Amino acid sequence: MTAPATIDQQSLGDVAELPTVTFGHRTLMWWGTAGFMAIEGWTLAILLAGYFYVRQNFVGLPPKPLDHPSLGVPTINLLVLLLSMVPAFMAARAARRLDVPGVRIWLLITSLVSVPIPVLRWYELWALNVRWDTNAYGSAAWLLVGTHATLLLLDVFDTFGLTLFYWFKRMPVKAMSDVADNSFYWYFMVLSWIPLYLIVYLGPQFL
Amino acid sequence: MNDGVRAGRARSSVDQEDAVLPPPQLIDRERLEADARQLDVTWRDPGGLWGWLTTVDHKSIAKRYIITAFLMFIAGGIQAAMIRMQLALPENNLLGPDRYNQIFTTHGTTMMFLFAVPIMNAMGLYFVPLMVGARTIAFPRLNAFGYYAYLVGVVFLYVSLFLNTGPDAGWTAYVPLAGPQFSPGHRVDVWAQVVTFTEIAALAAAVNIIVTALKMRAPGMSLNRIPLFVWAQLVVSFMIVFAMPAVATASTLMLAADRAVSTHWFNPAEGGDSLLWQHVFWFFGHPEVYIIFLPGLGMVTPIVETFCRRRVFGYDALVLANITTGFFSFGLWVHHMFATPIPELGQSLFTAASMLIAIPTGIQIFCWIATMWSGRPRLTTPMLFVLGFLFTFVIGGLTGVMLASVTFDKQAHDTFFVVSHLHYVLLGGAVMPLFGAFYFWFPKVTGRLLSETLGKWNVWLFVIGVNVAFFPMHILGLNGMPRRIYTYLAETGWGPLNLLATAGAVVIVVSVVIFIVNVAVSWRGGALAGPNPWASSGLEWATTSPAPSYNFVHTPVVLGRHPLWDSVGPFPVITGLRTDRREVLVTTVFDARPDHRHKEPDASIWPFVLSLAMGVTWIGSIFTPWAVPTGFAMTLLVMLGWGWQSSRVTDVERVETEDRLVEAE
């Protein structure tokens with residue numbers, strides 16, 4: 001390959017002194033993560049629209065003779081999810097400080113707090129008190145909770161993976177930025193659950 | 001025109017905060033060539049089969065993407081030809097009704113999902129990094145993954161078709177026809193999963209293009225200097241982010257679930273609703289049309305500028321028209337549903353919105369006409385394709401305005417009038433600019449020019465063929481010929497016009513064959529192009545043809561909207577990116593000021609493996625729902641491998657965190 005030095009070039013500056021690892025919205029990965037949040041958030045929004053659309057075909061929600069969704073497990077899981085944001089935040093903060101021991105500890109705590117979340121989510125599906133194949137209301141509720149659960153499981157696994165790497169492997173400093181982005185995505189998973197919880201579990205109590 | 005920016009002013013926007021800028025320094029040739037050699041070692045991916053499967057070069061991937069999508073154009077074209085042969089005569093039985101259903105469904109599915117969207121994405125994946133002066137795309141491995149996911153979809157659809165399991169419920173897969181009751185077997189399942197693969201691919205491409213266009217532009221390329229092709233790609237990528245989830249939801253989370261695990265989204269007996277399908281599908285389906293032709297409009301501008309020898313008239317208007325079209329396109333979907341019980345207020349709103357979108361499109365047309373009017377047009381093949389586009393697309397746009405009227409739409413709904421309209425819009429608005437773009441950018445991809453003589457035959461036959469094939473369909477539709485029928489009686493009187501349409505289709509086939517011959521002959525034997533054969537203005541022409549693996553030896557600095565026309569004297573660049581590892585320059589979103597350097601990944605097999613894991617998951621899900629959890633577990637394992645590879649300690653980094661700069665490994 002010949003050099004593409006087909007034209008004379010003059011240098012107007014030099015970027016050698018610029019940093020190579022940064023955090024937050026300066027990085028490409030943050031923007032990529034934000035893009036996928038938009039995609040996934042929008043998918044949930046469309047499912048929610050579907051939920052309200054089929055609701056028109058029922059008198060009352062849930063349609064008789066179905067029971068209301070149980071609130072016990074979903075409420076506990078909501079609290080666990082909210083709680084898990086604390087160690088996730090601390091892990092991100094430690095990452096920004098390049099504090100390797102801090103990142104290890106807080107990732108481990110985030111992982112431990114996250115363990116019950118998928119398990120609770122399984123019981124949460126049954127707490128809907130309807131099966132996906134009972135009627136369209138059941139389908140909509142299951143798919144909504146199930147889709148969020150799938151994304152949640154992916155991110156829990158991502159956190160486990162990072163924790164594993166940080167405990168058993170020498171990690172490059174640029175992975176610190178990934179730790180911060182992992183927390184950033186986790187906030188999205190937790191916060192996007194709040195409206196879903198309110199609508200799917202709490203909503204039928206009042207509708 | 002205010003874009004003839006002086007070098008002095010532009011310099012200050014490169015580095016506004018640096019009061020003292022070193023004087024420009026001419027880089028001597030020896031150093032340029034030494035840097036180029038080193039960069040080639042760093043950026044070139046390995047050869048051989050392994051290299052082919054692991055490459056993350058955005059140009060290699062995009063080239064494959066373009067070729068695969070073009071093969072899909074040929075496949076979809078062959079099906080179109082079969083449809084036209086069948087309909088050429090009344091009571092023809094070349095294809096029976098069952099085969100006909102599979103053929104026209106596969107034709108639509110191929111053209112929309114496997115040709116049009118992917119090829120437009122692929123053009124962006126190839127050219128956006130070059131046009132913004134970046135060494136590569138933001139996420140090269142995601143890019144490779146997207147291509148392989150798409151390829152899985154392509155192979156899956158065509159293997160299914162040859163096994164007599166081709167989808168047969170139309171490319172729109174309306175329920176209840178596509179539901180479990182009326183479409184038993186796996187044909188519709190194939191459709192639903194092919195759509196899933198292409199959605200994943202389109203979303204991967206969209207995120208990649210957005211981040212590349214927003215964060216990796218050459219210093220000085222502020223938002224108001226982004227080339228219009230890149231603007232179009234950026235707007236379309238945002239549209240993909242908000243449109244594709246709708247069809248993914250409709251096909252995978254609703255239709256496939258109804259068919260595989262007995263959910264009741266569309267089952268009226270259990271509170272489901274078949275109109276829900278139409279809403280969710282068209283919430284994607286309408287923006288889809290704009291996703292397909294906005295990139296086409298983006299290709300028109302550089303062609304018009306280059307061959308009229310002037311800067312485009314109304315850059316700001318064109319950018320705003322692009323953005324407003326993107327917004328409006330999400331407010332039109334109900335005009336596909338005028339024949340369903342939609343409230344009257346809704347009908348009025350969507351009629352108004354459908355007419356409204358003609359305004360930004362019209363603005364763009366007038367801007368190009370003004371550019372041509374006041375320039376000195378040279379009628380090369382790309383330019384002729386643009387003229388063909390203007391003529392054909394305007395007709396398609398006007399029938400669109402007609403269809404926006406509810407009373408007219410109810411007459412023309414599901415007739416050949418609609419078939420004619422959509423082919424005018426898509427062949428005129430997307431395929432003609434695309435062919436123009438092939439002629440325009442072929443030299444950048446291969447280093448050689450396509451033959452102009454064959455090109456002229458190509459363009460004339462194509463424009464004539466399209467109009468002969470599709471104009472009669474307007475009349476057929478008004479005479480009441482419904483779409484998606486496999487034959488008709490001679491007494492209907494539709495025979496002669498159908499025969500004429502088929503004759504037009506033959507002309508299109510000849511034209512496309514000429515194009516293929518042109519490519520085959522010119523790929524190795526065409527005239528050598530040199531870096532900038534058309535004396536064009538964009539950054540992609542500032543490097544060799546074809547561009548090397550690292551795109552540019554040094555990152556260009558942009559002094560105006562037309563970098564190669566604006567800079568006189570030596571080409572302005574910025575130095576300091578490392579040549580011994582894959583570094584790119586990340587800049588700020590609005591002003592494109594240098595922010596930091598970023599290490600891009602080396603070649604990797606994981607994108608290929610991940611797409612295979614996902615392929616097994618989704619294809620398996622047709623046969624058993626247990627494929628989903630199994631595939632999910634497999635996907636997680638692959639992600640672990642991917643993550644392991646990404647987290648190797650390789651270099652000392654300069655880390656900027658919480659207002660301090662430290663060096664660490």
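Okay, let's start where the two chains meet: strand β1 of chain A and strand β1 of chain B, residues 25-27, pair in the antiparallel sense over three bridges. Before I go on, keep in mind that this is a predicted model.

Which residues sit across from each other in that pairing? A:Gln10 stands opposite B:Leu26, and A:Ser11 has B:Gln25 as its bridge partner.

Now look at the other neighbour of that chain A strand. β1 of chain A, residues 9-14, is also joined by four bridges to strand β3 of chain B, residues 571-575, and these two run parallel. One pair to find on your screen is A:Asp14 with its bridge partner B:Thr575. In general, strands of a sheet pair through backbone hydrogen bonds, and they can do that either parallel or antiparallel.

Put it together and you get an open sheet of four strands, in the order β1(B)-β1(A)-β3(B)-β2(B), with mixed pairing. Which strands are at the edges? Those are β1 and β2 of chain B, each of which pairs on one side only.

So much for the sheet; on to the contact between the chains as a whole. On the chain B side, 83 residues are in contact with 60 residues of chain A. Helix α8 of chain B, residues 228-261, supplies the largest share of that side, with 10 residues. And what kinds of residues does chain B use there? By class, there are 47 nonpolar, 19 polar and 17 charged.

Let's zoom out to chain B itself. Its secondary structure comes to 20 helices and seven strands. The radius of gyration is 25 Å, close to the 26 Å that the globule rule gives for 665 residues, so chain B is as compact as a globular protein of that length. If you like box sizes, the C-alpha trace spans about 80 × 60 × 55 Å along its principal axes. Of the 665 residues, 56% count as buried. And take the contacts in chain B with a separation of 6 or more: 81% of them are between residues 24 or more positions apart.

Here's a helix worth a look: α7 of chain B, residues 187-215. How far apart should its ends be? At 1.5 Å a residue, its 29 residues should span 42 Å, and the end C-alpha atoms are 43 Å apart, which agrees. Is this helix enclosed or open? 29 of its 29 residues are buried, so α7 of chain B is largely enclosed by the rest of the structure.

Next, the nonpolar core. The largest one has 261 residues, and those with the most contacts inside it are A:Ala141, A:Val179, B:Ala69, B:Ala116, B:Ile119 and B:Leu125. Helix α8 of chain B turns up again here, giving the most to this core with 22 residues. Take B:Ile119 and leave aside its neighbours within four places in sequence: B:Ile119 is in contact with B:Ile66, B:Ala69, B:Phe70 and B:Leu434. Apart from the largest core lies another, of eight residues, including B:Leu32, B:Leu39, B:Phe552 and B:Val553.

Now a single proline. B:Pro563 is in helix α18 of chain B, residues 563-566. Is B:Pro563 buried or exposed? It has 26 C-beta neighbours inside 10 Å, and 20 are enough, so B:Pro563 counts as buried. Beyond its neighbours within four places in sequence, B:Pro563 is in contact with residues including B:Ser537, B:Gly538 and B:Pro556.

Last, some backbone oddities. There is a cis peptide bond from A:Lys64 to A:Pro65, with omega near 5 degrees, and A:Pro65 is in the loop between α1 and α2 of chain A. Chain B has a cis bond from B:Ser545 to B:Pro546, with omega near -10 degrees; B:Pro546 lies in the loop between α17 and β2 of chain B.

Then there are positive phi values. A:Asn129 has one of about 60 degrees although it is not a glycine, and A:Asn129 is found in the loop between α4 and α5 of chain A. With 15 other C-beta atoms within 10 Å, A:Asn129 is partly exposed. In chain B, phi of B:Glu91 is near 50 degrees, and B:Glu91 isn't a glycine either. B:Glu91 sits in the loop between α4 and α5 of chain B, and with 9 C-beta neighbours inside 10 Å, B:Glu91 counts as exposed.

That's my tour, thanks!

Key: Residues are numbered from 1 along each chain as its sequence is written. Chains are lettered from A and ligands numbered from 1 in the order in which they are written. This is a predicted model: local features need pLDDT of at least 70, side-chain atom pairs count only at pLDDT 80 or more; totals for chains, interfaces and linings use all residues. The radius of gyration is taken over C-alpha atoms; the globule rule is 2.2 Å times the number of residues to the power 0.38. A residue is buried if 20 or more other C-beta atoms lie within 10 Å of its own, exposed if 12 or fewer, and partly exposed in between; C-beta atoms are placed from the backbone. Two residues are in contact if their C-beta atoms, placed from the backbone, lie within 7 Å. Ala, Val, Leu, Ile, Met, Phe, Trp, Tyr, Cys and Pro count as nonpolar, Asp, Glu, Lys and Arg as charged, and the others, Gly among them, as polar. Two strands pair if DSSP finds at least two bridges between them. The expected span of a helix is 1.5 Å times one less than its number of residues. A nonpolar core is a set of buried Ala, Val, Leu, Ile, Met, Phe, Trp, Tyr and Cys residues joined through C-beta atoms within 7 Å.
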